Amino acid sequence: MLKGRRIVLGVTGGIAAYKAAELVRLLVKQEAQVRVVMTPNAQEFITPLTLQTLSGNPVAMNPFHLLDQTNIGHIALADWAEMIVILPATANIIGKIAHGLADDLLSTTVMASKAPVLIAPSMNVNMWENEAFQKNLQTLLDRGYHLVEPGEGELACHWYGKGRLADLNEVLERMEDLLSPKDLKGVSILVTAGPTQEPIDPVRFITNHSSGKMGYALAKVARRRGAEVTLITGPTSLPKPRGDIHLISVKTAEEMREAVFSHLKDCSVVIKAAAVSDYRPKEASRSKLKKASSELTLELERTRDILAEIGSEKGERILIGFAAETEDLLANAKKKLEGKQLDLIVANDVTLPGAGFASETNQVKILYPSGEMKDLPLMTKEEVSQSLLDEVVRLLKQKNSQKGT
């Protein structure tokens, strides 16, 4: 989502200024275009050369210098920016902007820009709690500026309390959120993710290699685009996605089924990205099975087919399934698409490099009941999620237009 986006990063004079270098590195890694503006005090904490080297662009500091020989610096930067991020944001810069003061390049750029401004404060806890500062901050929030709340803990000044610069991943997530279209606002989406575990005894179970990364990426991107997201997940090592996502943790296929049908009535879109076990032991031992000299045979029984059950009673809902295959990809995906009454299916060959379980990327084909197919190249799972949710938006528009005719 940040690829190609034009970001102005304002760095002010706080001890956390060194973290601006890491943020620039992370943004460049995501192929964003970054131009850094430093206040005079920021240069006491980190050198312009560091930020210029990392961003690949000259660092702007002097409000009286022309940009690219002819353009007035703060106007050119203000017009160029799709977003301005101030990190760290001191009490001083927040107070100046709140009162309309513009006496350095950063404050004049902010004043001249219509781009969204994200503020990431960092300061002593007593400064954070100061009444005058809080009034200034509230003034900016009332005007539509955006805030990443500071964290709480031991501060550089050895006080303990609120004022630590927010985690940079949280800052990036907030940036993604602000730059994402809100074309799913008001849409309730249920996403399933991860594997299930079917117990053999108290210490052993049957499972699969699903990491949950695809489902978590879908939930995260859907939330960014304004959806109300319920994420039902099997056991994974992934942290809970940031933001307002209703997370429900389950273990077995039956637990997942119960959770899905408990929330189905409230959802208009269902995306079943979980790898649910097709079989489970017919009887789970109540005590640990001991090793014996003879072979052990497990009798398995089918689990209930959640996707097929939803398909049989989906009504006006959009229903999307996944087909992770090792052979006959299209034939197996088409059979699943038709048999389970899906609106589309996402098929991927897990034997391909970069497209298997636990990878950060995926390479998928999107199949429709009409016979149409979209073949996507190797992408990150967030990029795949963006493409899939574009299709959801298209299907929702089709259904709404059909209702209107």
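User: What makes strand E15 and E18 count as paired strands?

Analyst: In this predicted model, 4 bridges join strand E15 (residues 269-272) to E18, and the two run parallel. Since two strands pair if there are at least two bridges between them, the 4 bridges here satisfy the rule. Within this pairing, Ile-271 stands opposite Ile-320 in E18.

User: How many bridges join E18 to strand E19, and which residue stands opposite Asp-349?

Analyst: Strand E19 (residues 344-349) is joined to E18 by 6 bridges, again in a parallel arrangement, and Glu-325 stands opposite Asp-349 in E19. On the way from E18 to E19 the chain passes through helix H12 (residues 329-339), and this β-α-β crossover is right-handed.

User: Why is strand E18 described as largely enclosed by the rest of the structure?

Analyst: The description rests on a count of residues: 7 of the 8 residues of strand E18 (residues 318-325) are buried, so the strand is largely enclosed by the rest of the structure. A residue is called buried when its relative accessible area is under 20%.

User: Why do strand E2 and strand E7 stand at the edges of their sheet?

Analyst: The sheet in question is open and has 5 strands in the order E2-E1-E5-E6-E7, with parallel pairing. Strand E2 (33-38) and strand E7 (146-147) each have a single partner strand, so one side of each is left without a neighbour in the sheet. For E7, 2 bridges join it to strand E6 (residues 117-121), running parallel, and because the rule asks for at least two bridges, this pairing qualifies. One bridge partnership between these strands links Ile-119 with Leu-147 in E7.

User: Which helices lie on this sheet, and at what angles to E5?

Analyst: Helix H4 (residues 91-98) lies across strand E5 (83-89) and E6, running at about 135° to E5. Helix H5 (residues 105-112) also packs on the sheet, where it touches strand E1 (6-11), E2, E5 and E6, and its direction makes about 145° with that of E5.

User: What makes H4 a largely enclosed helix, and what covers its buried residues?

Analyst: Of the 8 residues of H4, 6 are buried, so the helix is largely enclosed by the rest of the structure. The buried residues are Ile-93, Ile-94, Gly-95, Lys-96, Ile-97 and Ala-98, and what covers them includes E5, H5, E6 and helix H7 (131-142). H4 is followed by Gly-100, whose phi is positive, near 75°.

User: Why is the contact between Trp-128 and Phe-133 called an aromatic pair, and why is the pair called tilted?

Analyst: Their ring centres lie 5.5 Å apart, and because rings pair when their centres lie within 6.5 Å, Trp-128 and Phe-133 qualify as a pair. Their planes make an angle of 50°, and since under 30 degrees would count as stacked and over 60 as edge-to-face, the pair is tilted. The count by this rule comes to 1 aromatic pair, and both Trp-128 and Phe-133 are buried.

User: How do you know that Arg-35 lies over the face of Trp-80?

Analyst: Arg-35 is placed at 5.3 Å from the ring centre of Trp-80, and the rule asks for a distance within 6 Å together with a position within 35 degrees of the ring normal. Arg-302 likewise lies over the face of Tyr-279, at 5.6 Å from the ring centre.

Conventions:
Residues are numbered from 1 along each chain as its sequence is written. This is a predicted model: local features need pLDDT of at least 70, side-chain atom pairs count only at pLDDT 80 or more; totals for chains, interfaces and linings use all residues. Side-chain values use heavy atoms; hydrogens and water are left out. Contact means heavy atoms within 4.5 Å. Axes are lines fitted to C-alpha atoms, for helices over the stretch in contact, and angles run from 0 to 180 degrees between N-to-C directions. Buried means under 20% relative accessible area, exposed over 50%, partly exposed in between (1.4 Å probe, protein chains only). A crossover is right-handed if, with the strands pointing away from the viewer, the path from the first strand over the helix to the second runs clockwise. Rings of Phe, Tyr and Trp (its six-membered ring) pair if their centres lie within 6.5 Å; planes under 30 degrees apart count as stacked, over 60 as edge-to-face and the rest as tilted.
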